[in-house]
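Q: Could you take me through one part of this model slowly, as you would for someone new to protein structures? I would like to see how a single piece sits among its neighbours.

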Amino acid sequence: MIHSETYRIRNYEADTNGNLWLTSLANYLQDAANRHAIELGAGVPQLLEQGLTWVLHRMRLDIHRWPRLPEEVTVTTHPSGEERVFVYRDYRMYDSEQTLLVTASSTWLLFDLVKRKLTSPSPELKQYFEPYHNFPHFPRANQKYPPLPESWQYQTQVTARHNEIDQNQHVNNSVYFQWLLEPLPADFISTHQCQSLDITFKAECMRGETVHSLCQPLSDHQLMHRLQSQEGTEIVTALTTWSS
């Protein structure tokens with residue numbers, strides 16, 4: 001009932017220090033979740049036939065140790081409950097010695113591709129998750145974010161490229177993880193490691209759109225991030241913590 005996928009870290013998935021990129025980590029988790037959902041009968045291919053798809057609403061990541069090139073890692077995942085329109089899923093990542101590297105909890109929503117709006121999961125869809133109702137789960141990521149800062153120390157712009165668009169016809173969730181890091185100075189990225197991330201997705205981004213990536217330190221080890229459209233519409237808000 002708990003699904004697992006094993007991945008070997010490739011050169012193009014690691015940073016200059018040999019650690020797995022944050023966006024690569026997000027890709028692993030997303031891939032494992034999608035494969036498990038397909039096995040359950042509630043995956044994207046099945047939903048697309050009904051004009052529906054899953055969208056990630058929020059994710060909380062805690063990195064206990066960063067996977068490194070060329071390690072082999074295993075991701076385990078399972079649904080972890082439902083509440084109103086929300087569907088939850090948890091993840092764990094282990095190294096080859098079964099040492100826990102990463103834990104994550106996520107909140108998903110059902111999206112109507114025809115109407116371009118959220119919709120409630122049907123009773124038929126929810127039945128796929130019933131066997132997991134009694135599974136222990138991580139705490140839900142539902143804490144409030146701090147107020148937005150009056151100014152942002154780090155800023156840049158990114159444009160949604162062709163290879164960042166997924167089969168839902170919008171920017172894939174994992175791309176946003178990379179966009180959060182783009183404003184940060186290179187010396188910060190090379191001398192610090194992300195220890196946790198709490199990210200909320202509020203709007204979709206389409207091919208060719210320009211996005212402002214903003215970042216403001218809240219303390220020596222905590223950063224606040226925001227991705228917004230040229231008109232100022234919130235796309236993503238996130239908090240990260242770092243160690244040096």
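**A close look at helix H4 and its partner H1**

A: Happy to! In this predicted model, the axes of helices H1 and H4 approach to within 8 Å, crossing at roughly 165°. Angles over 145 degrees count as roughly antiparallel, and therefore H1 and H4 are roughly antiparallel to each other. Their crossing is right-handed.

Which residues make the contact between H1 and H4? From H1 come Leu22, Thr23, Ala26, Asn27 and Gln30, while H4 brings Asn173, Ser174, Val175, Phe177, Gln178 and Leu181. Sorted by class, this contact has 5 nonpolar and 6 polar residues, with no charged ones. As you look at those numbers, it helps to know that an α-helix has 3.6 residues a turn, so residues three or four places apart point the same way.

Now let's stay with H4 itself, which spans residues 173-181. Of its 9 residues, 8 are buried, so the helix is largely enclosed by the rest of the structure. Those buried residues are Asn173, Ser174, Val175, Tyr176, Phe177, Trp179, Leu180 and Leu181.

For a contrast, go to the loop between strand E1 (3-8) and helix H1 (22-40), where you will find Thr16. Is Thr16 buried or exposed? Thr16 has a relative accessible area of 76% and is therefore exposed, as the cut-off for exposed is over 50%. To get a sense of scale, compare the positions of Thr16 and Phe135: they are 119 residues apart along the chain, and their C-alpha atoms are separated by 39 Å.

Notes. Residues numbered from 1 in each chain as written. Predicted model: local features only at pLDDT ≥ 70, side-chain atom pairs only at ≥ 80, totals over all residues. Heavy atoms only, no water. Helix = DSSP H or I, 4+ residues; strand = E, 2+ residues; numbered from the N terminus. Buried < 20%, exposed > 50% of the residue type's maximum accessible area, 1.4 Å probe, protein only. Axes fitted to C-alpha atoms, helices over the stretch in contact; angles between N-to-C directions. Parallel < 35°, antiparallel > 145°, perpendicular 65-115°, else oblique. Left-handed = near helix turned anticlockwise from the far one by under 90°. Contact = heavy atoms within 4.5 Å. Nonpolar A, V, L, I, M, F, W, Y, C, P; charged D, E, K, R; others polar.
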